[in-house]
Amino acid sequence: MSFELIHTSLPRDLDGQSGFGVACMTRDLPRPLRDALVARSDGSELDAAADRAISYAVCQVAGAAWPVLTCVTRCGADWSGRANRVAHHLVLEPGDRCIEGPIALARSFRFASEVPEVGLRSPPMLPQTQSRGDAPWGVDPAWLELLADRLSTAEAATVSVRLPRGLDPLVLFAAVTARIEPRRRWAVQWSTAAVVNAGRGLPSIVIAREHDAHALDLSLRAPTLPTPEPNPHAVPVSTPPPSQLPEQVAARATSAGPAHEQVRSSERLAEPLRPERTAREPVVSTPTRPWLPIALFAVAGVILLAALGLLLW
């Protein structure tokens, strides 16, 4: 089931303590997850100009990954007269994750904006989400494709953007995530502030700080990426459809032994035949025993000398 936890300043929280603590939470919320959500409730998302910040991040705790929507809202003064805030966390189970991604729930769920009644709660009631086709006005559509492509890559990074004045960040995030493959939308983290408690190894998109030199200014035109020119001399190569490639690889893997033997035999058959030696070609004989002629010459010399001696005698 899904869980929620609300953290704020109270004269007496759920644990009987005063100050910032847990006001209410869903029953049976795992303790490691509760501690992680409390640690994310420091209000770091709010800057001097923002009264509200909504973010989505993956909380990695106790060997599990929990998708968490968080809304932090200023709510005036607390019981002691100091500035107060409410941090409302919504943890979503797999069955509650809509195909539009967390942005759809962020735009339709009713987050707490004031101090709630202290106590345990039943699992949260989630609204029906509907995909909205709001276009982020003042933003070059090419930016949406560029951001969606960057957030879909395996290289995890945080992208900071600067929006045109008056544009709702949630409208931009919805337009970008709509261009991302549905199964990856829950892996893209985002925040309407410059800070997000991002999970490790996942891409994020945040709103840039005032003097962020590396931010992408979406009020400008998107850069044009060069496209490779076609080679007129290239020979088209016909390849099978991608869906057939795994089957072909599997077929090669299962018949690796016989196939190697067939390849070797076909290579032997493909070798050019050598021409046979004809009778008119000179045959060069290489003596295998070079000492034999010398020995015969020496024997013949001895016989010749013996014959001459007999004649003289």
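This presentation describes strands, a helix, nonpolar cores and salt bridges in one predicted model.

Good morning, colleagues. I shall begin with strand E9, which spans residues 204-207. How are the two faces of this strand placed, buried or exposed? Both are covered: Ser204 and Val206 are buried on one side, and Ile205 and Ile207 are buried on the other. As a general point, side chains in a regular strand alternate between the two faces of the sheet.

Strand E9 has two neighbours that I wish to name. Strand E7, residues 158-162, runs parallel to E9 and is joined to it by four bridges. Within that pairing, Thr158 has Ser204 as its bridge partner. Strand E8, residues 189-191, also pairs with E9 in the parallel sense, over two bridges. Here Trp190 stands opposite Ile205.

Trp190 deserves a further word. Leaving aside residues up to four places away in sequence, Trp190 touches a set of residues that includes Ile54, Tyr56, Leu69, Pro102, Ile103, Leu170, Phe173, Val196 and Ile205. Trp190 also belongs to the largest nonpolar core, which has 41 residues. Which residues have the most contacts inside that core? They are Leu69, Val161, Trp190 and Leu218. Two or more residues each are given to this core by E3, E4, helix H2, helix H3, E7, helix H4 and E9. The largest share, seven residues, comes from H4. There is also a second, separate core of twelve residues, and among them are Leu5, Ala36, Cys59 and Val61.

I turn now to helix H1, residues 31-39. The buried residues of H1 are Leu33, Arg34, Ala36 and Leu37. Why do these residues lie on the same side of the helix? They cover an arc of only 165° around the axis, and therefore they share one side of H1. On the other side, Arg31 and Ala39 are exposed. The cover over the buried residues of H1 includes strands E1, E2, E3, E4 and E5. In sequence, E1 covers residues 3-10, E2 covers 19-26 and E3 covers 52-61, while E4 covers 64-77 and E5 covers 83-91.

Finally, the salt bridges. How many does the structure hold? It holds six. In general terms, side chains of opposite charge can pair when their charged atoms come close.

Two of the salt bridges involve helix H1. In one, the side chains of Asp15 and Arg34 meet at 2.4 Å, N to O. This pair links distant parts of the chain, since Asp15 sits in the loop between E1 and E2 whereas Arg34 is in helix H1, 19 residues apart. Asp15 counts as partly exposed because its relative accessibility is 45%. Arg34, by contrast, has a relative accessible area of 6%, so it is buried.

In another, Arg31 pairs with Asp35, with 3.3 Å between the closest N and O atoms. Arg31 and Asp35 are four residues apart in helix H1, and so they are separated by about one helical turn. Asp35 is partly exposed, at a relative accessible area of 39%, while Arg31 is exposed.

A further salt bridge joins the side chains of Glu181 and Arg183, at 2.8 Å, N to O. Glu181 has a relative accessible area of 40% and is therefore partly exposed. Arg183 counts as exposed because its relative accessibility is 67%, and the cut-off for exposed is over 50%.

That concludes the presentation. Thank you for your attention.

Conventions:
Residues are numbered from 1 along each chain as its sequence is written. This is a predicted model: local features need pLDDT of at least 70, side-chain atom pairs count only at pLDDT 80 or more; totals for chains, interfaces and linings use all residues. Side-chain values use heavy atoms; hydrogens and water are left out. Buried means under 20% relative accessible area, exposed over 50%, partly exposed in between (1.4 Å probe, protein chains only). Two strands pair if DSSP finds at least two bridges between them. The arc is that of the directions from the helix axis to the C-beta atoms. Contact means heavy atoms within 4.5 Å. A nonpolar core is a set of buried Ala, Val, Leu, Ile, Met, Phe, Trp, Tyr and Cys residues joined through side-chain atoms within 4.5 Å. A salt bridge is a side-chain nitrogen of Lys or Arg within 4 Å of a carboxyl oxygen of Asp or Glu.
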